[in-house]
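Trainee: Could you take a close look at one pair of neighbouring strands for me, and then lead me outward from there to other parts of the chain? I am new to this structure, so please go slowly.

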Amino acid sequence: ELKPEKILAPISFSLKNFKTRDDGGGFTLAAASDDGERFEWKGSLSLQPVSSKGVFVVEGFKALSAYEFLSAELPFQLSDGSFSLDGSYDFSIRGKQGMQLTAMLPLIRAEKLAIRPKKSGDDWVRLPEIKITDTRIDLAKQSAAIAAVDVKGMQAKVWLEPDGSLNLMRLTEQGANIKKASGSDWKADIGKITLSAGAFDVEDRTVRPAGKFRLSPTEFSATGLSLDLDRQVPISVTSTINGKAPLRLQGTVLPSKVTADLALEVSGMPVRELLMYLPDYPGIEFKTGTAAAKGEISLDENANIGYRGDAAVDSLVLLDVKNKSELLSLKKTTVQGVDYRQGPETVAIDSITLDQPVMEVVVTPQQTINLIDLLSAPTEATAQSGAKEAVAELPIAIGKLVFNAGTMAFADFSIQPNFK
């Protein structure tokens, strides 16, 4: 059990015109810790009635110091960083009015914060700079309001475990704090939260090999946050995936049910970087191709994802690895009216249009067709991967398939002379 102890020195203190009546007396207090943390207070104090008002400054308060005092209450560990703030307050205890306290903090700053799970040696979240502006607290009204929270340069390691759980949930108390706050009489509002120049290393361990993506730079904003968890929160996210694919999300989130309805737009995503989500056929190599999608993505109370919209793949080229030849090329594949639902998984597609497909069909000397050979032998990794197996067995309904300006090459090596 931690028993934190702090030494404050040097301490300067002055007392002038001390009185125990309402007009009070003036005090000044200044202190510093061995680690350079600094505290200054200047104000008045009255003992009849009990009241005090003043201004204060806290500079460079170490996150480790805060963690020593709050470790039992915090579900995570603060491993680095510091806090600074300044503000004013007015406190009194007056008869039937009881305890009264109002406080205003124009600016709260946090620098170089690092957060990790308890008993871990690895930081999962780093926050170089946080600014919280115009915080107002009123004890009698049981209200707290923050004008804005601005986070710059956030770095985070995020991954989905094989069971689908999110690692960052280990930094919370599994929603206990949210439930407690939502049931209290306090009102708290945050006007806006913004994140700029963020970087997220995301890993999807539900597939093998794991999908690895870097989202940077990431910009995020949310407005109108409060303890009323049944109130929709508008959010906006822009980022770039792996330095290549612009991503945009915009819509609303409902905190009480952890549901979301978001407009999604992504483009320029190399298909090769999505292969872990596709059946793995060893005889086929994805040489080129970029994917795009635009539509509406949803998340329900059971964490099931849905998507309605369109998708496209540009400049797709597949190679026959054994023969070192081009098996299939498509200038553009347009998929319209996609309706994907998870739990149970289903996909319905209005139409697929293949522009300028070029395909080579070969009858081998063993009198088999190359396409059948290549598509009938998934690797052992594919068979072992639950996610890929689900992709292979996913029921898909397609309304219309259109070929535009296609070309098919044919060769028969099962006869002599060969036909090509």
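**A hairpin and its surroundings**

Mentor: Let us begin with a single pairing, in which Gly251 has Leu262 of S14 as its bridge partner. Please keep in mind throughout that this is a predicted model. The pairing belongs to a longer run, since strand S13, residues 245–254, and strand S14, residues 259–270, run antiparallel and are joined by eight bridges. Together S13 and S14 form a hairpin with four residues between them, and in that turn Val258 has a positive phi of about 50°.

From the hairpin we can step to the next strand, because S14 also pairs in the antiparallel sense with strand S15, residues 284–299, over nine bridges, given that two strands count as paired once there are at least two bridges between them. One place to find this second pairing is Leu264, whose bridge partner in S15 is Gly295.

These strands are part of a chain with five helices and 21 strands. The chain has 420 residues, of which 33% count as buried. Among its contacts between residues at least 6 apart in sequence, 54% join residues at least 24 apart.

For a helix set among strands, turn to H1, residues 63–70, where Ala63, Ser65, Ala66 and Tyr67 are buried. The buried residues of H1 pack against three strands, namely S4 (50–62), S5 (77–94) and S6 (98–116).

The interior is worth a visit next. In soluble globular proteins, nonpolar side chains tend to be buried together. Here the largest nonpolar core has 66 residues, and those that touch the most other members are Val125, Leu127, Ile130, Met154 and Ile241. If we set aside residues up to four places away in sequence, Val125 touches a list of residues that includes Leu113, Ala114, Ile115, Met154 and Leu168. Elsewhere in the chain, the charged end of Arg205 sits over the ring of Trp159, at 4.4 Å from the centre of that ring.

A residue at the surface gives a useful contrast, and Lys331, which lies in strand S17, residues 325–341, will serve. Lys331 counts as exposed because its relative accessibility is 52%, and the cut-off for that word is over 50%. Although Lys331 and Asp314 are 17 residues apart along the chain, their C-alpha atoms are separated by 5.9 Å. Leaving aside neighbours within four places in sequence, Lys331 is in contact with Asp314 and also with Val313, Ser315, Asp355 and Gln356.

Finally, consider Asp412, which has its place in strand S21, residues 407–412. Asp412 is buried, because its relative accessible area is 14%, and buried means under 20%. The side chain of Asp412 is joined to that of Ser414 by a polar contact of 2.5 Å. Not counting residues up to four places away in sequence, Asp412 touches Val363, Asn418 and Phe419.

Phe419 brings us to the aromatic rings, for the structure holds four aromatic pairs. One of them is formed by Phe410 and Phe419, a tilted pair with 6.0 Å centre to centre and 50° between the planes. Phe410 is partly exposed, with a relative accessible area of 36%, and Phe419 is likewise partly exposed, with 47%.

Terms used
Residues numbered from 1 in each chain as written. Predicted model: local features only at pLDDT ≥ 70, side-chain atom pairs only at ≥ 80, totals over all residues. Heavy atoms only, no water. Helix = DSSP H or I, 4+ residues; strand = E, 2+ residues; numbered from the N terminus. Buried < 20%, exposed > 50% of the residue type's maximum accessible area, 1.4 Å probe, protein only. Polar contact = N/O pair within 3.5 Å; in protein donor to acceptor, adjacent residues only side chain to side chain. Contact = heavy atoms within 4.5 Å. Core = buried A, V, L, I, M, F, W, Y, C linked by side-chain atoms within 4.5 Å. Phe/Tyr/Trp six-rings, centres within 6.5 Å; stacked < 30°, edge-to-face > 60°. Lys NZ or Arg CZ within 6 Å of the ring centre and 35° of its normal.
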